[in-house]
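Visitor: Please take a close look at the cysteines in this model. I would like to know which are bonded, where they sit and how they relate to the rest of the fold.

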Amino acid sequence: MLRRSSFDRLKPTVFVTHGFQSSAQSLCVQGIKNMYMGFHRVNLIAVDWSRIASSINYFVVKQQTIPVGGIVAEFVHFLQVWGGVDLGNIHLIGHSLGAHVMGIAAKTFRNQPRKVGRITGLDPAGPLFKLNDPSTRIDREDGEFVDIIHTCARWLGFTAPIGKVDFFPNGGAIGQPGCPLDILKLGTCSHSRASQFYAESINSAEFMSLPCTSYHDFKNSRNCNLPLKAPMGMPAPARIIGNYFLLTASAPPFALGG
């Protein structure tokens with residue numbers, strides 16, 4: 001199968017997946033795919049679990065993230081064994097419940113000499129997940145570098161930091177700029193911003209963020225470490241840790257530079 005494909009083990013391999021009531025044809029997955037294909041030389045694999053995720057029963061779909069993550073792990077293992085792929089060259093990206101799918105997949109490799117190189121959680125789903133039980137969700141220890149973008153905290157996403165670095169654009173909560181009626185729309189606009197920000201970042205290092213003790217301090221220019229300013233999204237350096245804050249525009253291009 002690999003011989004008949006354009007797969008190149010020397011290129012970075014990026015997996016991307018969707019969340020609840022979505023599919024690999026969604027703007028979330030396609031937007032990220034198109035940006036990677038347009039600007040970078042990678043193997044890109046879209047994971048479609050829409051036959052499960054399309055259910056209206058969130059509880060049932062949430063429970064299925066574990067076996068779906070197991071299937072993703074099996075494919076990663078296949079690439080290791082038959083494709084000669086280095087785990088450190090794999091990047092798993094997931095939105096909402098898909099973030100947990102990728103975290104669960106990566107847990108399979110935590111006890112190997114090397115973990116999965118990077119996992120990016122795009123507003124990981126919060127409902128029914130416990131902060132003190134990382135076994136069923138994405139966690140900072142699942143990969144060498146785990147970065148999280150929060151955009152709908154206190155509603156559909158996690159409020160607390162769960163990655164090695166957590167980005168909180170516009171505070172990370174529901175009501176992102178350009179989403180004025182989000183509560184009436186169940187937070188879907190803010191929730192989708194994480195994937196939109198990440199897609200734009202694939203060809204932009206302009207989502208500059210600052211490590212601060214809180215969003216309040218960030219807005220008041222207090223307790224922030226200016227020398228550690230770093231870009232959010234694809235260009236985020238693996239060395240950074242902690243909580244980072246930034247502002248964005250209300251429409252594309254979202255990045256404000258700085």
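**Cysteines and disulfides**

Guide: The torsion about the S-S bond of C212 and C224 is about 115 degrees, so this disulfide is right-handed. C212 lies in the loop between strand 7 and helix 7 (215-219), and C224 in the loop between helix 7 and strand 8, so the pair ties together parts that are 12 residues apart in sequence. The model is a predicted one, and in it the sulfur atoms of C212 and C224 are 1.9 Å apart. C212 has a relative accessibility of 9% and therefore counts as buried. C224, with a relative accessible area of 26%, is partly exposed.

The structure holds 2 disulfides. The other one joins C179 to C189, with an S to S distance of 2.0 Å. Here the torsion about the S-S bond is about -65 degrees, so the disulfide of C179 and C189 is left-handed. C179 is in the loop between strand 6 and helix 6 (188-201), while C189 is in helix 6 itself, so this bond ties together parts that are 10 residues apart in sequence. Both C179 and C189 are buried. With bonded cysteines counted along the chain, the pattern is 1-2, 3-4.

C28 takes part in no disulfide; the nearest cysteine sulfur, that of C189, is 14 Å away. C28 counts as buried because its relative accessibility is 12%. For C152 the closest cysteine sulfur is that of C179, at 8.6 Å, which is too far for a bond, given that a disulfide requires sulfur atoms within 2.5 Å. C152 has 0% relative accessibility and so counts as buried.

The strands named above belong to a sheet. It is an open sheet of 9 strands in the order 2-1-3-4-5-6-9-7-8, with mixed pairing. Its edge strands are strand 2 (43-47) and strand 8 (230-231), each of which pairs on one side only. Strand 6 (residues 165-169) runs parallel to strand 9 (residues 242-246), and 5 bridges link the two; in this pairing P169 has L246 of strand 9 as its bridge partner. Strand 7 (residues 208-211) is antiparallel to strand 9 and is joined to it by 2 bridges. L210 has F245 of strand 9 as its bridge partner.

Elsewhere in the sheet, strand 1 (residues 13-17) and strand 3 (residues 90-95) run parallel and share 5 bridges, and V14 has H91 of strand 3 as its bridge partner. Helix 5 (residues 97-107) packs on the sheet and touches strand 1, strand 2, strand 3 and strand 4 (116-122); the direction of helix 5 makes about 150 degrees with that of strand 3.

Terms used
Residues numbered from 1 in each chain as written. Predicted model: local features only at pLDDT ≥ 70, side-chain atom pairs only at ≥ 80, totals over all residues. Heavy atoms only, no water. Pairing = 2+ DSSP bridges. Helix = DSSP H or I, 4+ residues; strand = E, 2+ residues; numbered from the N terminus. Contact = heavy atoms within 4.5 Å. Axes fitted to C-alpha atoms, helices over the stretch in contact; angles between N-to-C directions. Buried < 20%, exposed > 50% of the residue type's maximum accessible area, 1.4 Å probe, protein only.
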